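Here's a quick briefing to read alongside the model. Keep the structure open while you go through it.

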Amino acid sequence: MTVEKRSFCRLCGSFCAFIAAVEDNRVVSIRPDEDDPVSKGYLCAKGAALGRLHHHPLRLDHPRVRRGGVQVEADWPTALDDIGAKLKAIIETYGAGAIGAYAGTPSVPCSSVNIWRSFMAALGSPQIYSTVSIDVACGPLVAERVTGSPMLVCQPDPDARMAVLIGINPMVSHGHNYFQPAPKLQLRRWAEQGELWVVDPRRTETAELATRHLSPWPASEFALLGHAVREILRDGADREFLAAYVNGVEALRGAVERFTLEETARITRLDARDIRDFVVSIRRTGKVGIVCGTGISMGPNANVTWFLAWALHGVTGSLDRQGGAYINPGFARNFDAVGWTPVNSSGPGPASRPDLPSRMGEYPCVAIPDEIEAGNLRALFVIAGNPVIAIPDTNRLLKALGKLDLLVVVEMMETATTPLATHVLPGTGQLEMSDVTLWDWLNPLEYARYAERVIEPAGERKPLWWMMREIAARIGLDFGLPPETAHDDDVIRPMMPASRASFDDIRASPTAIVSGRTYGWMHKVLPGGRFDLGPEDLLAQLTEAHPVEGDLLLTPRRQKNKLNALMNDGLANPRRPDVAELSIHPDDAIARGIADGDLVRISTAAGEVVAPVRIDGRYRKGVVSLPHGFTDMNVNILTDVREIDRLSGMPTLGAFPVTVVKFSGVRATVEEDSL
């Protein structure tokens, strides 16, 4: 008999609702939930493929332990006892600080999985890593400097008359930096009710819906925003808003003075008329809503570009205002009621890399090989992550991971990282766990939604909280999880002390509980009631910011049928799978004697990758793109880990110079795994 169950997708924080059809504990189909008030019947191709992903032939069902250099199946007591004994030995010899944890992006939207942070906090180790430092490190940094909290995000209000999207393509991937459900509906709404500007070196699928598209030189967008701030401060600023709610205006004014029209055109390589039009539109609409994506956060000048988006919101009086920049206080977090204690979460980095900062209690991921080689990191938990694909300097990382005394990978599927593990622990997937939307403050609507597990865990799969509890017991560690914990709900409920509705009320609701949108709340909880648009370290970086030189710059891009390293095997769309290929402008291809489909060698001082070419006139000349998340064409082989932002710890993963030449040899390929 077929049973239908409501749930929501946790591949990203858009949390789109769906209905799963289940037969004999097997998902036979997934369709979007037409009655959901948030996602409104929308579900992307990746979400629709969740059933196929869950039942993938590479799905992990049993624990494995490395014996004599080979991974063999083991029962849970054997695997956990072995891990516990090795952890005890490491703690006794090197201290708890030699034990680390790295969490991948899939761990973030699943509430109960975040229990790993409680485990590490009780352990007292500083060796904490996550994909924040290789994805969007500038976002929390800038928010913290401007508001005193790293947990806030500006995004265009749904009612904005001028929405500006920079380096983000929600038509293809809407799970980054701000989580937009039903993206086409919102993009069309912005275009129809006013103006939708897309700023991107490529004419993206989102740009096709825009009223204006600007194609700047990569990593130069800071100058466009700096010029707009300069001109609005001269004529058109919201003086009343600035006087009441903003500090640092004069320092900001001095920092953007260099962005004259001529200098901005030189840096961005945009036509001066387009730059003028951008400023004219801001003056005409009065308020503006801006969001930057990973096209910005993964490249150089990320901090200052992100900061100038906040600054342009501020000088136009758009911050926390309907029709301008919406800042979600969160249904569960409820920031407008509970506020926050102002922080500067930047701290000293790891011992092997004193040049790097720590941020929000985490070390930058690029330090993992250094810490292993220095002997400071002896054991590493990898939780729902694939560092072999995600972290820069791939070849060095591979060698370093092999030196660990203990590498425990908690996963639902085989990845490029699982073969390296000393222990592989099969975790429950999202369809096998209950959950609630705790990351709702990144969404353009204040709401909460609960989902029961769709199917019961198969094989010997266990939830992460169970694993952490069992390991903690073996090393005598109390991390606050009661021994009577028996369900995901028992882990989630204590995470919601300030929620606008109780956990039980949310759990009882058939669809999302929506409280709407809150405006004009931030001055009540900001430090001193004011935004700071004059942070010294960011303004110093702005003074030094410059365009990236090079004949060809490589930029990242998102793909419709895969998310980061997830679904590399075409699972979401077997007929038209996303593949790794270098996109290049026709003129650049002709100049190098390259034809569509040719193999090319892409190289930097750090390494080289061979990939097929796709000639694409949607890119501006001088810009090429190779997507992240593939094994044998791994962009991270090309990245230089010496290019690290000194404030955020973020490496340069996009908008860096490359050399591209036609390749005449035979390319060795690696069969892509699914995660």
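Let's start with one threonine: T305 touches E221, F222, L225, C292 and I296, not counting its neighbours within four places in sequence. Bear in mind that this is a predicted model. From T305 we'll move on to its helix, a pocket, a buried helix, some strands and a couple of loops.

**T305 and its helix**
- T305 sits in helix α13, which covers residues 302-315.
- With a relative accessibility of 1%, T305 counts as buried, because the cut-off for that label is under 20%.
- A polar atom of the T305 side chain comes within reach of the backbone of N301: its distance to the N301 backbone oxygen is 2.7 Å.

**The second largest pocket**
- The volume of the second largest pocket comes out at about 720 Å³.
- Its lining is made up of 34 residues, and P300, N301, E643, I644 and T652 are the ones nearest the centre.
- Three elements each give two or more residues to that lining: α13, α21 (536-544) and β32 (656-657).
- Which element gives the most to the lining? That's α13, with three residues.
- Sorted by class, the lining has 17 nonpolar residues, 10 polar ones and seven charged ones.
- N301 turns up twice in this story: it lies among the residues nearest the pocket centre, and its backbone oxygen is the one facing the T305 side chain at 2.7 Å.

**Helix α5, tucked inside**
- Is helix α5 (residues 138-147) enclosed or open? It is largely enclosed by the rest of the structure, because 10 of its 10 residues are buried.
- The buried set includes charged-class names such as E144 and R145, along with C138, G139 and P140.
- These buried residues pack against α12 (294-297), α13, β17 (346-348), β18, β26 (531-532) and α21.
- Two of those packing partners, α13 and α21, also contribute to the lining of the second largest pocket.
- Right after α5 comes G148, with a positive phi of about 90°.

**Strand β15 and its partner**
- Strand β15 spans residues 289-292, with G289 and V291 pointing one way and I290 and C292 the other.
- Whichever way they point, these residues of β15 are buried.
- C292 is also one of the residues in contact with T305.
- β15 pairs with strand β9 (residues 162-166) in the parallel sense, over four bridges.
- Within that pairing, A163 has G289 as its bridge partner.

**The β4–β5 hairpin**
- Strands β4 (residues 64-67) and β5 (residues 70-73) run antiparallel and are joined by four bridges.
- Opposite R66 you'll find Q71 of β5.
- The two strands make a hairpin with two residues between them, and G68 in the turn has a positive phi of about 60°.
- β4 also pairs with strand β21 (residues 423-426), again antiparallel, over two bridges.
- In that second pairing, R64 has V424 as its bridge partner.

**Two loop residues with positive phi**
- K40 has a phi near 55°, a positive value in a residue other than glycine.
- You'll find K40 in the loop between β3 (26-32) and α1 (45-48), and it is exposed, with a relative accessible area of 53%.
- M360 also has a positive phi near 55° without being a glycine.
- M360 belongs to the loop between β18 (357-359) and α15 (368-373), and at 29% relative accessibility it counts as partly exposed.

Technical notes
Residues are numbered from 1 along each chain as its sequence is written. This is a predicted model: local features need pLDDT of at least 70, side-chain atom pairs count only at pLDDT 80 or more; totals for chains, interfaces and linings use all residues. Side-chain values use heavy atoms; hydrogens and water are left out. On a 1 Å grid over the protein atoms alone, a cavity is a set of points where a 1.4 Å probe fits but cannot get out, and a pocket is an open set with protein on both sides within 12 Å along at least five of seven lines; lining residues have an atom within 4 Å of a point. Grid points are joined across faces, edges and corners, and a volume is the space filled by probe spheres set on the points. Buried means under 20% relative accessible area, exposed over 50%, partly exposed in between (1.4 Å probe, protein chains only). A polar contact is a pair of N or O atoms within 3.5 Å; within protein, one must be able to donate a hydrogen and the other to accept it, and residues adjacent in sequence count only if both atoms are side-chain atoms. Contact means heavy atoms within 4.5 Å. Two strands pair if DSSP finds at least two bridges between them.
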